[in-house]
Amino acid sequence: MKTAIVKNHKNIIEEFEKPPLANRKGAIVQVFGCGLCGSDIVKLRTGKAKDGTVLGHEIVGKIVELNSDTDFRIGDEIVSSHHIPCFSCEYCKNEHYSMCEHFKSTNIFPGGFSEYIYLSEEHLKNVAYKVPENMSYEEISFYEPLGCIVRAVKRADLKENSTVLVIGLGSIGYLSGQAFNAIYNCKTFGCDLLEERINLANEVGIESFNSLDFEISEKYIKDKTNGMGVDAVFMTSGSDKAIDLALKTVRNGGKIVVFASTPNNMGYCNNEIYYRELTVFGSYSPAPIDLKTSYELLKSGKVKVKGISTVYDLNDIQKAFDDTISNKIFKAYIKIKE
Ligand SMILES: [Zn+2]
Ligand SMILES: [Zn+2]
């Protein structure tokens, strides 16, 4: 089967042995397509993805072989995420599922940028759903990334009608603003440097502006919030400077959700956190319950994803990576089967 394999920080298309189901429980899934995640790019660039790795985890496909106690049948079109918690370790008991060792060790095989994958019985039981009839494959491929966002939004634990600023309006910002609106009925603001992204966000109810000038941005937010600042800032921007903007725009006693790595791994100021009673916290990967919410938000249309993906053929996967890195496109979807 055809697969994109990491070699020397690039994706190379190569033949790979199709995974057998053999005597295992689970399913072989023919992959229709797979979304390209920001984390795939980080893994490729930093070398965290060793040579021989197959990236991709935002998969949509069809069950072609099956040995399972679930209700799934051969021919079912499904979405799935890639990690499953054990539900019994100390991390899981404290609801930090994505820190669970089992969570980290479970995965799809060999990876989503591949014609076929093996999905375990655990995947089928906990994190797989049928593709809704009203959605295209690239639309439902947002199931996993939106799951990550849902977890972060829930962890923010806001009151109804809170105010939120989303910093960075790439696909993650675009989805998270909508998720805050859907889950807490927030008044959500958004900012970015790219006009196209600002316009897109405005179309889905995220009141967005250009944040090139931090002073103007701070004034804009203060004017809109009775001089207070927002209840929560959601950081999707991978720039160290954005930390400054977060501190300028969050209200005293507010929350900052960290949802991106930054190049210089800079910190938030101790004294700001102390004197202003700020809560700064991170959120990483979703639990099955967050994925369920994500599925429902997509299926109901409460979070809109229509028309935001650019579709690439598997043969052009490296171009999809390059175009994403250079901000040429919003979100890449790698089409694997016609
Ligand atoms: Zn992802
Ligand atoms: Zn666990």
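Two residues are in contact if their C-beta atoms, placed from the backbone, lie within 7 Å. Helices and strands are DSSP runs (H or I of at least four residues for helices, E of at least two for strands), numbered from the N terminus.

This is a predicted model, where local features need pLDDT of at least 70 and side-chain atom pairs count only at pLDDT 80 or more, while totals for chains, interfaces and linings use all residues. Residues are numbered from 1 along each chain as its sequence is written, and chains are lettered from A and ligands numbered from 1 in the order in which they are written.

**Exercise 1. Find the buried face of helix 13 and what covers it.**

Step 1. Go to residues 317-325, which form helix 13, and pick out its buried residues: Ile317, Ala320, Phe321 and Thr324. Buried here calls for 20 or more other C-beta atoms within 10 Å of a residue's own; 12 or fewer makes it exposed, and anything in between is partly exposed, with C-beta atoms placed from the backbone.

Step 2. Look down the helix axis. The buried residues of helix 13 fall within an arc of 100°, so they line one face of the helix. That arc is the one spanned by the directions from the helix axis to the C-beta atoms.

Step 3. Now see what sits over them. The cover includes strand 1 (2-7), strand 2 (10-15), helix 1 (38-46), strand 14 (309-313) and strand 15 (331-335).

Step 4. Carry on just past the end of helix 13, and you'll meet Asn327 with a positive phi of about 60°.

**Exercise 2. Work out where the largest nonpolar core lies relative to the two domains.**

Step 1. Split the chain up. The domain assignment gives domain 1 (2-142 + 305-335) and domain 2 (149-282); such bounds come from an automatic or database assignment. Their C-alpha centres lie 29 Å apart.

Step 2. Check how they meet: six residues of domain 1 are in contact with six of domain 2. On the domain 1 side, those residues divide into four nonpolar, one polar and one charged. (Ala, Val, Leu, Ile, Met, Phe, Trp, Tyr, Cys and Pro count as nonpolar, Asp, Glu, Lys and Arg as charged, and the others, Gly among them, as polar.)

Step 3. Turn to the core, a set of buried Ala, Val, Leu, Ile, Met, Phe, Trp, Tyr and Cys residues joined through C-beta atoms within 7 Å. The largest one has 96 residues, and Leu146, Ile167, Val233, Ala246 and Ile334 touch the most other members. Helix 6 (residues 143-156) gives the largest share, eight residues.

Step 4. Both domains give residues to this core, so it lies between them.

Step 5. Zoom in on Ile167. Leaving aside neighbours within four places in sequence, its contacts include Cys191, Val233, Phe234, Leu245 and Ala246.

**Exercise 3. Is Asn185 buried or partly exposed?**

Step 1. Locate Asn185 in the loop between helix 7 (171-184) and strand 9 (187-192).

Step 2. Count 13 other C-beta atoms within 10 Å, and Asn185 comes out as partly exposed.

Step 3. List its partners: not counting residues up to four places away in sequence, Asn185 touches Glu160 and Asn161.

Step 4. For another example, try Asp244 in helix 10 (residues 242-249). Asp244 is partly exposed because it has 15 other C-beta atoms within 10 Å.
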